[in-house]
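Me: Could you take me through one part of this protein slowly, the place where the ligand sits, and then show me how the rest is arranged around it? I am in my first year, so plain words would help.

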Amino acid sequence: MVERSDGRTDLAAQGAGADVVAFEPEARVWVTRAGAAAGRTGLVPVPRLDGSLRTDTGTLDDDADDFGHIVHEVPAVVLQAESADDVAEMIKLCNDYRVKAAARGQGHATYGQAQVAEGLVIETGALDGIGPVAAGQVTVGAGAVWSAVARETLRHGLTPPVFTDYLELSVGGTLSAGGLGGQAHLYGAQVDNVLALEVVTGTGEVVSCSPTRQPDLFHAVLGGLGQCAVIISATLRLVTAPENVRHFLLPYADLETFLADQRLLAGDQRFTYVEGTVEPDERGAYTKYVLEAVAYGPPAGPARDDGELLRGLRYDRSGQLTAQTLGYFDFLNRLADGVAALQQEGFWSWCHPWLNLLLPGDRVAGLSRTLLDGFAGQDVGPGGVVLLYPLVHRRLHTPLLRVPDDPVPYLMAVLWTLDPADQAAVSARTAANRAAYETVRAAGGTQYPVGSVPMTAADWRGQYGKLWEEFDAAKRRYDPHRLLAPGQHIFTP
Ligand SMILES: Cc1cc2nc3c(=O)[nH]c(=O)nc-3n(C[C@H](O)[C@H](O)[C@H](O)COP(=O)(O)OP(=O)(O)OC[C@H]3O[C@@H](n4cnc5c(N)ncnc54)[C@H](O)[C@@H]3O)c2cc1C
């Protein structure tokens, strides 16, 4: 048995049942049961790396947590990768000894999706190169965050077409999920705007893929929840950026009119960005609707006045309408000040058992009413919000981003923020998330898999439907030992 360098108990002594027994960073050896069982000395040399391997308690504990603060799986080793070769070498080693591994971008998943009990976490933070920007595209490292990508491309008057609401998420993390935002009705998800990828597969091969070059791998990685490969870099399509945008918040008094106007705007494309929120009234019933619409100005769009932009919309004339002109980056980065305040007040580190569902458009009124009624009297918490907005199916081309079979599916995201002192409430919320998912699934909906919904292997089969066989085949081909991203619980060992 090998003593761990940080003095923590050897995993074998804990009877943890993992293949990894211990890692000795100074001696650069990784000790595994499999190594010993294979008649080796039990000491496995770890390759020379550009980055570093960490086993200190602080790093392990950080990577045994995420934005949800609900699941805590402690890894054995953390790779702070600095090159594709680092990732490839370590994944090959994981294959030799059947050690599970997952990439971690910003750790903003909410239910352990990037965690690996007793395995290897691959931190991508240092893989954050951006550029050069040329010919309407840019290649960025998987660890780059979207705010940095936007800042760099805007120096050239260009922008990725679609952004998540919050910009401090990694490119690799959102491309693994999908990447939805208010521009998606026009441009599809972030995954629909990727031209090429460099990845390390689950067997440790470094591969460049695109819609024409190893397309099966390309399509298994985008929206693929880290199951077949680790993204090292992505080549992104760029479009002309506006200098300023006109930003509206329009109040609605009833759900049907709100949804109908959103649908109208998703179709007529007068706004580049369309989202919406639902808020509780004084009695705690979720009956106040706010449509958020943003028109891009020159050079990305024509100059238009408010009358032209709002024509035909049936918002509540007696409610509070706001309209303001914002610099484009300030609009993209609009959550930053609020997040800073939540961080200062400590609420940013509260538990986030988020619910993210995709509802079929033809059932959205009834389904969202049922779900919203279920939340009555419950506060989503400090900084929490209920999002409800339309997508346009024909803009969504990425097979593994599973959306309902409907021309205008809607995203409903309930971003709960709960006090970690009340673990009973957190558990009750994840159970309620599960029930809400079942309701939506029964009506033809899916989950957008970034939230905290307990899922079984059978649920995942249902989520992928007729694509399951293809996804399973890609998993067998590119990660035959089923080592990657076990925290998603998609493929059973
Ligand atoms: C405040 C906040 C706002 C958000 N807003 C939006 C939004 O508007 N729209 C939206 O679509 N989503 C949104 N999300 C969800 C977010 O897009 C996903 O949770 C995303 O996966 C987080 O990125 P990350 O870098 O933190 O990934 P992590 O949490 O580190 O990882 C998430 C999953 O992706 C895998 N992964 C990470 N990097 C790679 C890689 N390089 N290669 C392969 N797999 C990888 C991990 O293994 C894990 O399975 C939001 C999340 C938060 C916390």
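**Around the ligand**

Reply: Let's start with helix α5, which gives the most to the shell around the ligand, with 4 residues. Keep in mind that this is a predicted model. The elements that contribute two or more residues to that shell are β6 (101-104), α5 (171-177) and β13 (229-237). In total, 32 residues surround the ligand. The closest are Ala 103, His 108, Ser 170, Leu 180 and Tyr 448.

Now zoom in on the polar atoms. Tyr 448 has a polar side-chain atom 2.5 Å from an oxygen atom of the ligand. Two backbones also take part: a polar backbone atom of Gln 106 is 2.8 Å from a ligand oxygen, and a backbone N or O atom of Gln 113 lies 2.9 Å from an oxygen atom of the ligand. How much of the ligand does the protein bury? Taken alone, the ligand exposes 960 Å², and the protein buries 95% of that.

Next, step back to the domains. The domain assignment gives domain 1 (20-123), domain 2 (130-240) and domain 3 (244-457). The centres of domain 2 and domain 3, taken over C-alpha atoms, are separated by 23 Å. Where these two meet, 33 residues of domain 2 are in contact with 37 residues of domain 3.

The nonpolar interior is a good thing to colour next. The largest nonpolar core has 118 residues, and those with the most contacts inside it are Leu 175, Leu 197, Phe 271 and Leu 388. Strand β17 (residues 286-296) gives the most to this core, with 7 residues. Domain 2 (130-240) and domain 3 (244-457) each supply at least three residues to this core. Apart from it lies another core, of 27 residues, among them Val 44, Ala 76, Cys 94 and Leu 483.

Try selecting Leu 175 on your screen. Leaving out residues up to four places away in sequence, Leu 175 touches several residues, including Trp 146, Val 191, Leu 197, Leu 222, Ile 231 and Leu 236.

Finally, let's look at some backbone details. Most residues other than glycine have a negative phi, and most peptide bonds are trans. With that in mind, here are some exceptions. A cis peptide bond joins Gly 131 and Pro 132, with omega about 0 degrees, and Pro 132 is placed in strand β8 (residues 130-134). Another cis bond runs from Pro 298 to Pro 299, where omega is near -5 degrees. Pro 299 is found in the loop between β17 and α9 (306-310).

Phi gives us further cases. Glu 118 is not a glycine, yet its phi is positive, about 65 degrees. You can find Glu 118 in the loop between β6 and β7 (120-123). Is Glu 118 buried or exposed? Glu 118 has a relative accessible area of 18%, so it is buried, since the cut-off for buried is under 20%. Arg 482 also has a positive phi, about 55 degrees, although it is not a glycine. Arg 482 sits in the segment after α15 (468-478). Its relative accessibility is 22%, so Arg 482 counts as partly exposed.

Methods
Residues are numbered from 1 along each chain as its sequence is written. This is a predicted model: local features need pLDDT of at least 70, side-chain atom pairs count only at pLDDT 80 or more; totals for chains, interfaces and linings use all residues. Side-chain values use heavy atoms; hydrogens and water are left out. A nonpolar core is a set of buried Ala, Val, Leu, Ile, Met, Phe, Trp, Tyr and Cys residues joined through side-chain atoms within 4.5 Å. Buried means under 20% relative accessible area, exposed over 50%, partly exposed in between (1.4 Å probe, protein chains only). Domain bounds come from an automatic or database domain assignment. Contact means heavy atoms within 4.5 Å. A residue is near a molecule or strand if one of its heavy atoms lies within 4 Å of it. A polar contact is a pair of N or O atoms within 3.5 Å; within protein, one must be able to donate a hydrogen and the other to accept it, and residues adjacent in sequence count only if both atoms are side-chain atoms. Accessible areas come from the Shrake-Rupley method with a 1.4 Å probe; for residues, only the protein chains shown count as cover.
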